[in-house]
Amino acid sequence: MPNKKILMVTRNFPPLIGGMEKLNFHICQVLSESFDVSVSGPKGSAQFHGQPHFSEFDASPLWKYVLSSLIKTLRLSVKQKPDVVFCGSGSAILAGFFAAKFTGAKLVCYLHGLDIVVDNLIYRRIFLPCIKKSDLVIVNSNHSRILAINAGINNRKVYVLPPGTMLPQLDNRQEREERFRKSYDLGSAPILLIVGRLTPRKGIVEFITNIMPRLLREHPQSKLLIIGADATAAINKQFGLKQKIQSHIGALAMENNIHLLGTINDECLSDAFCSARALIFPVLELANDVEGFGMVAIEAAAHGVPTIGFSVGGVPDAIKHGQSGWLISSGNYANMAQQIINLLNDSNDNRVTVDTAINYAKEFSWENFGMKLKNILAEVIK
């Protein structure tokens, strides 16, 4: 009996860079294990997914993306006649909805928090109603599930499936740390990381302003490394935050302690985790902008690195307090600063260790993710 056919539609896919792009790449790999998969993705995506049946569309500007993705996806769907159309985010739902409508396929959409609450009139009037008509909706956290239900999506259609992570080999951890420190001339200083797209909700400027002065009084040699770039490839493009961060660093005379590394490859990022004492996740609670999960906290845990983050949005789904790190009440910079200082002083309660963090991350392995995804899809694939 031939495999069922799935058409995957997503803008968030390599060569674009980010957590959602990694997620959709792995979703494609998982689906390919059990289904005949075709992909409608951004230009350049075929070299990454390797599927024989595909179409590619313009990822920007927005109007061109919407039109191009719709036309290319419809053409591919007519040729492939899929049993299921799988949308990798809310932004792909328009193309996915009509592809499913034309072919009689079931419609599945994977939603992130921002897919539900984004403050855009066109999106809320056109895209969100299409999402509500999906046969099945997968969300990345319990917080996103609540947002989806509050937005009018039938709760019986909504399934929670957090993103997965790669479990790295850490046998050569010391060698990788030495390589990373040498590459960026970091010496033996304790390293803290902030990783992700540079957007206002990440709270980086506020962290520098409210915590770094106190932290450097206690640990003047410590380094904060900020890995990521302005969200110029996102649909909701955001510019200028990098410059704003640099201005704050200069105003506080912290050029020797805070370094913006920009975008780095996965191997270098893994080396950075091997070198860090903690990942910092100082996310802000903003209207119409939400941290739906926090994939980078799971990546840190997979390297045995704890995360110290504000308990905002879907972050509590990504950090297990007392096992993979510590959750701090939203905006409580004094407590966050103290927790970081305790960590650098080696004066924590010792519940959070390399082993406890890695054990937590194992729950999110791509193998487990794949099994859960297939079980969920069984609800619409008979």
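Which residues do ring pairs link into a cluster? They are Phe293, Tyr360 and Phe364. Keep in mind as you look around that this is a predicted model. Below is a quick tour, from the whole chain down to single residues.

**The whole chain**

- The chain has 17 helices and 13 strands.
- Its radius of gyration is 21 Å, close to the 21 Å that the globule rule gives for 382 residues, so the chain is as compact as a globular protein of that length.
- If you draw a box along the principal axes, the C-alpha atoms fill roughly 65 × 40 × 35 Å.
- Buried residues make up 55% of the 382 residues.
- Take the contacts between residues at least 6 apart in sequence: 69% of them join residues at least 24 apart.

**The nonpolar cores**

- The largest nonpolar core has 88 residues, and the ones that touch the most other members are Phe86, Leu193, Ile208, Ile340 and Leu373.
- Helix α15 (residues 333–344) gives this core its largest share, seven residues.
- Phe86 makes a nice example to click on: leaving aside neighbours within four places in sequence, its contacts include Ile6, Leu7, Met8, Val9, Ile27 and Leu31.
- Also on the contact list of Phe86 are Val108, Tyr110, Ile138, Leu373 and Leu377.
- There is a second, separate core of 34 residues, and Phe57, Val85, Ala92 and Ala95 are among its members.

**Aromatic rings**

- A pair of aromatic rings is described by two things: the distance of the centres and the angle of the planes.
- The count of aromatic pairs here comes to nine.
- One of them is Phe180 with Tyr184, a tilted pair at 5.0 Å centre to centre and 50° between the planes.
- The two partners sit in different surroundings: Phe180 counts as buried because its relative accessibility is 1%, under the 20% cut-off, while Tyr184 is partly exposed because its 32% falls between 20% and 50%.
- Back in the opening cluster, Tyr360 and Phe364 have ring centres 5.2 Å apart and planes at 65°, so this pair is edge-to-face.
- Tyr360 is buried, with a relative accessible area of 6%, and Phe364 is buried too, at 10%.
- Rings can also have a charge over them: Arg11 lies over the face of Tyr65, at 5.8 Å from the ring centre.

**A closer look at His303**

- You'll find His303 in the loop between α13 (295–302) and β12 (307–310).
- Is His303 buried or exposed? With 6% relative accessibility, His303 counts as buried.
- The side chain of His303 makes a polar contact of 2.7 Å with the side chain of Ser270.
- A polar atom of the His303 side chain also lies 2.8 Å from the backbone oxygen of Glu299.
- Beyond its neighbours within four places in sequence, His303 is in contact with Pro168, Leu170, Arg173, Ser270, Phe273, Cys274 and Ile358.

**A closer look at Gly322**

- Gly322 is in a loop as well, between α14 (315–318) and β13 (325–328).
- At 12% relative accessibility, Gly322 counts as buried.
- Not counting residues up to four places away in sequence, Gly322 touches Arg351 and Val352.
- How far apart are Gly322 and Ile126 in space? From C-alpha to C-alpha they are 42 Å apart, with their positions 196 residues apart in sequence.

Note on methods:
Residues are numbered from 1 along each chain as its sequence is written. This is a predicted model: local features need pLDDT of at least 70, side-chain atom pairs count only at pLDDT 80 or more; totals for chains, interfaces and linings use all residues. Side-chain values use heavy atoms; hydrogens and water are left out. Helices (H or I, at least four residues) and strands (E, at least two) are DSSP runs, numbered from the N terminus. Buried means under 20% relative accessible area, exposed over 50%, partly exposed in between (1.4 Å probe, protein chains only). A polar contact is a pair of N or O atoms within 3.5 Å; within protein, one must be able to donate a hydrogen and the other to accept it, and residues adjacent in sequence count only if both atoms are side-chain atoms. Contact means heavy atoms within 4.5 Å. Rings of Phe, Tyr and Trp (its six-membered ring) pair if their centres lie within 6.5 Å; planes under 30 degrees apart count as stacked, over 60 as edge-to-face and the rest as tilted. A charge sits over a ring if NZ of Lys or CZ of Arg is within 6 Å of the ring centre and within 35 degrees of the ring normal. A nonpolar core is a set of buried Ala, Val, Leu, Ile, Met, Phe, Trp, Tyr and Cys residues joined through side-chain atoms within 4.5 Å. The radius of gyration is taken over C-alpha atoms; the globule rule is 2.2 Å times the number of residues to the power 0.38.
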